[in-house]
Amino acid sequence: MATTTEAAGTTVPTADPMRPEPFEVRHITKETGDTFTLELVSVGGSRLRPFQPGQFNMLYVFGVGEVPISISGDPATPEVLVHTIRAVGATTRAMQKLQKGSWVGVRGPFGTSWPVQQAHGQDVVLIAGGIGLAPIRPALYHVLLHRALYGRVVLLYGARTPRDMLYAKELREWRSRFDVNVDVTVDRATMEWQGAVGVVTKMVQRSPFDPAAAMAFICGPEVMIRYAAQGLQQRGTPDSSVFVSMERNMKCAVGVCGHCQFGPFFVCKDGPVFRYDRIQRFFGMREV
Amino acid sequence: MTIHSLETVLADHPFFRELSEPQLATVTGCASNVVFPPGEFIFREGQQADRFYVVREGRVAVEVFVPNKGPVTIETIEGGEVLGWSWLFPPYKTHFDARAMNSVRALALDGACLRTKCERDPAFGYEITKRFTQLVVARLEATRMQLLDLYGNHD
Amino acid sequence: MIRPGDFVVVEASELDALLGVLRERGHAVVGPTVRDGAIVLDLIERAAELPAGWTDEQDGGHYRLKRRDDGALFGHALGPHSWKRWLHPPTLVRWRARRTEGGFTAEPPGSPPPKYAFFGVRACELAAIAAQDRVFKGGPFVDPAYSGRREAVFLAAVQCGSPGGTCFCASAGTGPRATSGFDLALTEVVGRGRHRFLVEVGSERGAEVAAAAPHRPAKDADLEAAAAATAEAAGRMGRALETEGLQEAMYRRYEDPRWDEVGRRCLGCANCTMVCPTCFCATVEDATDLLGQSTERRRVWDSCFSQEFSYVHGGSVRTSAGARYRQWITHKLATWHEQFGVCGCVGCGRCITWCPVGIDITAEARAIHPGDAEGSRP
């Protein structure tokens, strides 16, 4: 029986967390559609910023603005900060136009993280939808680096169409391993796609993990999280073993601007990773 | 490898669980093993819907043909799932194409035969209708989720 | 030798000297003054700028200045300003950045925090300052802008003798008497041709200032007169808030249709959040010069009543007015407890007075939590 646990604690950086430090763009990868990945390295003298899987940074484009972006790289190699970003507003669209060598201001890391330590000895079920795979990936990197400490490892990923899948090459690599179960589904596809078509929640029902000895990490649109959590409940996984990553408007990232409130919680410091039973009552409510 | 009788396979299947023995026997009486090679159509849109299938192994694509786009897969049915409900509701015509994506082994159930049995034995008919209604509801919920296009742009 | 806990008396005619002592120690004095038909808070130099002989008439959506028949300087309740304007300014430059070869640098503004003396802080306002201390200094992140100002500020409180029509500090548990958290606490005694202040010394700093200003030791008669001046204040509150069980009721009735009813009245004007002494929400703005060479990150007051406040790509989480009102009131009366260990409402009543449609937080609380009047309801 899984022991109940909490989302891992917040790391507050010791330097002035309100002021960004410059980092340099080492590489930009175009992912799919309007999604791209930035790889950032420090500019001579900027502090190394070790992070826990699930945390986020505030990224600043000079003169434009600042946005919270989950860190989607390997926590074991924090010398390169990896962020997968979707261009939806002024700041993220400006980031899309950055080039190798451009500078980006970084504040962070902020927030709670996926409880990867506490999941030792249990099955790990990672459920991601769309760009939600980005904050899940660091957890998978960590688990694979310490593979022997975990039971079954399962990744369930839902995307819009096969062309919208994130990290397609890595997905294929993970799928070819014998110690990870990767199940991918899309909302619709054409004939070339030989995989599953349907909702992620259907995969939860069929996935080979032990519901009584598993911890689940879910990241994606809130509707998807709701249904995935229900699916886990139906399988018999207690809500206290389910962790979800929430998203809200953020300005300060340190709990003093009030924007990211979700009921009594500040998503920037009580989250973004929350134990599901703790937030469940607000999760079902409208306009909270 | 033990070869299970049709009756055992059906009795173990979650869809037919809790049917009484005579009811199960009725269903078995209408069942047969079928195999579809990769790429073959299990049924096409607009045909007489006389059968439904319990997929045992393999993956079936439920497709709609969209002009200018070709066949679009809107759902896949995996091993253990039931394919086809149009046999139970008038006008008993299929609404989609169903194509085997790989080698598919399934149990085919004679819908026309079962329909008659449902009419004659209302208790049995109710059990069957209950199960298919649940199936349709589950598909509807999933379809609605897919319709929400949750991963799409929000503009 | 004056010590914390001592009482001295300062004549009203000597107030200028007291203000002078504060200024000599580098404090810019902020106090109440009449402007634009209201009693606001502003930098003052002389006691003559204080609102002598003025009081106010307050109710839901109603504020009028009225003349008193005495020359009391603090014979009024609260105006639209709160001391948060000075500790948590409406606009604050967080840092400045300049383009450099290849990139940019971001530097702190550099100027030391201003040093204020707040003259005339009510008990409810001391509670509000203590509440904001929890927000800006109580967590793992300490806001340097706030804590710099807060450490430097000299708090000269005033005991309330004339609570207003929308006051409810008594039931909120924050007043009307200030008992701690101040450097000095003044009680005004005016009448029979005399005008003086009983001054309670609350800290070493207060003792030092009192000692340097013209004063005399307090006599029993002074203490009695001061007690009489404020004795009935608790009984003259314009409103009341039932706090027992209120937090639980807010959670229980989170989805109550009452919120939509209030939402139909609420204009989303954000007056309440601006005048509230504990509201702290702020946004950030990046302001760049026309050449794109230098930029400032500014923190600016914001309000949960604005549509954009809860915007996440694609839309806002709280679009309906009812949901935004609910966010504000449940934060104030319930989730503040969770977050900061104390109620967010200090009973000052400003939100009631300055709401253009007179929405009353005590009435809304009563609707959700009737308290003993109707017994407990699910």
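**Exercise 1. In β5(B), which residue is the bridge partner of Ala189(A)?**

Solution. In this predicted model, the bridge partner of Ala189(A) is Thr73(B), which lies in β5(B). The next step is to place this pair in its strands: β10 of chain A, residues 189-190, is joined to β5(B) by two bridges, and the two strands run antiparallel.

**Exercise 2. Describe the contact between chain A and chain B, and find which element gives the most to the side of chain B.**

Solution. Begin with the residue counts, where chain A contributes 22 residues and chain B contributes 17. Then turn to the elements of chain B, among which β5 (70-77) and α4 (122-147) each supply at least two residues of the side that touches chain A. Of the elements, β5(B) gives the most, with seven residues. Finally, sorting the side of chain B that touches chain A by class gives nine nonpolar, five polar and three charged residues.

**Exercise 3. Work out how many residues of chain C are in contact with chain A, and which elements of chain C give two or more of them.**

Solution. The contact involves 41 residues of chain C and 32 residues of chain A. On the side of chain C, two or more residues come from each of β6 (91-100), β7 (103-107), α3 (123-137), β13 (282-288), β15 (311-312) and α11 (321-340). By class, this side of chain C holds 20 nonpolar, 14 polar and seven charged residues.

**Exercise 4. Explain why chain A can be called as compact as a globular protein of its length.**

Solution. First take stock of the secondary structure of chain A, which consists of six helices and 16 strands. Then compare two values: the radius of gyration is 18 Å, and the globule rule gives 19 Å for 288 residues, and because these are close, chain A is as compact as a globular protein of that length. As further description, the C-alpha trace of chain A spans about 50 × 45 × 40 Å along its principal axes, and 54% of its 288 residues count as buried.

**Exercise 5. Describe how the two domains of chain C meet.**

Solution. Start from the division of chain C into domain 1 (7-236) and domain 2 (246-373), whose centres, taken over C-alpha atoms, are separated by 25 Å. Where they touch, 38 residues of domain 1 are in contact with 32 residues of domain 2. On the side of domain 1, β5 (62-67), β6, α3 and α5 (169-172) of chain C each supply at least two residues, and β6(C) gives the most, with nine. The last step is the class division of this side of domain 1, which comes to 18 nonpolar, 13 polar and seven charged residues.

Notes. Residues numbered from 1 in each chain as written. Chains lettered and ligands numbered in written order. Predicted model: local features only at pLDDT ≥ 70, side-chain atom pairs only at ≥ 80, totals over all residues. Helix = DSSP H or I, 4+ residues; strand = E, 2+ residues; numbered from the N terminus. Rg over C-alpha atoms; globule rule 2.2 N^0.38 Å. Buried ≥ 20, exposed ≤ 12 C-beta atoms within 10 Å, placed from the backbone. Contact = placed C-beta atoms within 7 Å. Nonpolar A, V, L, I, M, F, W, Y, C, P; charged D, E, K, R; others polar. Pairing = 2+ DSSP bridges. Domains from an automatic or database assignment.
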